[in-house]
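Open the model in your viewer and keep the selection box handy. Each stop below says what to select and what is there.

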Amino acid sequence: MKYKKIQLRKGKDESLRRFHPWVFSGAIQHMEEGIQEGELVRVVTFEGDFIAVGHYQQGSIAVRVLTFSDVEIDREFWYSRLRSALQMRLDIGIADNPRNNTYRLVHGEGDHLPGLIIDVYGKTAVMQAHSIGMHLMRKEIAKVLVEVMDARIAHIYYKSETTLPFMTEEDMNGFLYGGSDDNIALENGLKFRVDWLRGQKTGFFVDQRENRSLLEQYAKGKRVLNMFCYTGGFSFYAMRGGAELVHSVDSSGKAIALTKENVSLNFPGDARHEAYCEDAFKFLEGIGKPTTDSQQPSVSYNLIILDPPAFAKHRGALHNALKGYTRLNQKAFEKIEKGGILFTFSCSQVVTKDHFRNAVFTAAALAKRKVRILHQLHQPADHPVNIYHPEGEYLKGLVLYVE
C-alpha cells in the first residue's frame, strides 16, 4: 500500500487521537508533492507516526478520515463498512420492514463513511457523494453495495450534481446499476413518489419519518397548516391521523405538484387537503386577515408545522439564520389558535440545539404567548451520530403547546 503522506503540525493530532474524522487545512505542516483532490492519503503526526487514512480535498476540511487503522481501502474495506451499516438497520428493525421500505443505509460520518449518503427507496438505492473522494470511488462502491444488499435492491441511482456543483463530469446524475422509473416507495404504510431526478436531497426527507409519525398522533380533529411542505410528508400523515383539514404551503410549484400527487396516492379525491404555492412569511401574515386573494384561505389553524430549509449553510450565516428562525416562529405563535400545537424544526448543522431553542423562546416572548414543550425532536436512528463527531447531530425540533 502506497498512499502519499500528509504531515500534521506539532500538537495537531489531538482531535484525531479522539477519533474525530476531520483534518482541517490549518493543521497541516507538509504535504507530499502531487496529491490530487479525492486522492487517498496517509496522515502522520509531526513526529511521523501513522494516525489515519482518508480522502484529501481542498478547502477547510482537508481530509475526511475513513479509518484510523493502517489498512488499504479496497473491496474488503467497502464491504465491511456497508455490511456494518446494513446490519445496524436490521438490528433496529428499520430494514426489511414490510410497512416501510424507505430508510437511510449510509449516513456519512455516522456510519464511518464521511462524504457518502445512501438512501433506500423500495428497490432503488440513491447514492450521493459529498466529497470528491467518494465521487471518484462511486462505481467501486456501487459494485460492493449490490453484493451487500443482495435481493433488497435492483437499482442504484447516483445523484451528486447539487452536492458537488463544481465538478464538470457529465455522469454526476444517473443509474450506476439497473434502471427504473418505478419511484413509488412506502413509509409506515403510506405511499409517496420519490423525485430522485430533480428533487432535493436524494428525493425525499427520510430524516423526518419518526417525527411525521408523532404528528399523526396529534392530528385528529385539527386544522393543520404544513409550511415548507416540499413532498407533503407531514400532510398525508396528518390526514391519516384524522385531521379536519390540511393545507400545504411551499414557494415551489414543483413541490406543490409533488405534494398533491403524494396526497392523491393515499387519499384520492379527499377534499380535506388543499395546496398553495406561496411564500411562507406572506402566507402566515395573511392568516386571519380579510383578503380578496383567492389563494389565501379564510381559516385559522390549531396545528402548524414549520420545517424550513437550512437557514445557515456555514458559520458566517449563523446570526442571520437565528434572526430568521425567530421571525418565522414569532409569526406562527401570533397566528396559531389558543391551545394549538406547533411542530418547529431546524436542519442547519451550524445551529445547535441551544441556538435553536433560544431563537424559538425569543419568538414566544415577542409574541407574548405562554408556551410549553411537549417533545424535543431529533433525527431518527438510521441517521446515527458518530459519538466522536457531534457535528453530525443536525436535525433539531420542538413540539410546543401554545396557550
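Start at Asp150, just after α4, where phi is positive at about 55°. This is a predicted model: local features need pLDDT of at least 70, side-chain atom pairs count only at pLDDT 80 or more, and totals for chains, interfaces and linings use all residues. Residues are numbered from 1 along each chain as its sequence is written, and side-chain values use heavy atoms, with hydrogens and water left out.

Step back to 138-149. This is helix α4, with 12 residues. Helices here are DSSP runs (H or I, at least four residues), and strands are E runs of at least two, numbered from the N terminus. From first C-alpha to last, α4 reaches 16 Å, close to the 16 Å expected at 1.5 Å a residue; that expected span is 1.5 Å times one less than the number of residues.

Color the buried residues of α4: Arg138, Ile141, Ala142, Val144, Leu145, Val146, Val148 and Met149. Buried means under 20% relative accessible area (1.4 Å probe, protein chains only).

Next, select α2. Its axis lies 9 Å from that of α4, at an angle of about 50°. That makes α2 oblique to α4 (oblique covers angles that are not under 35 degrees, over 145 or 65 to 115). Axes are lines fitted to C-alpha atoms over the stretch in contact, with angles from 0 to 180 degrees between N-to-C directions.

Show side chains at the interface. Among the α2 residues that meet α4 are Trp78, Leu82 and Leu86; the α4 residues they face include Ile141, Leu145 and Met149. Contact means heavy atoms within 4.5 Å.

Conventions
Buried means under 20% relative accessible area, exposed over 50%, partly exposed in between (1.4 Å probe, protein chains only).
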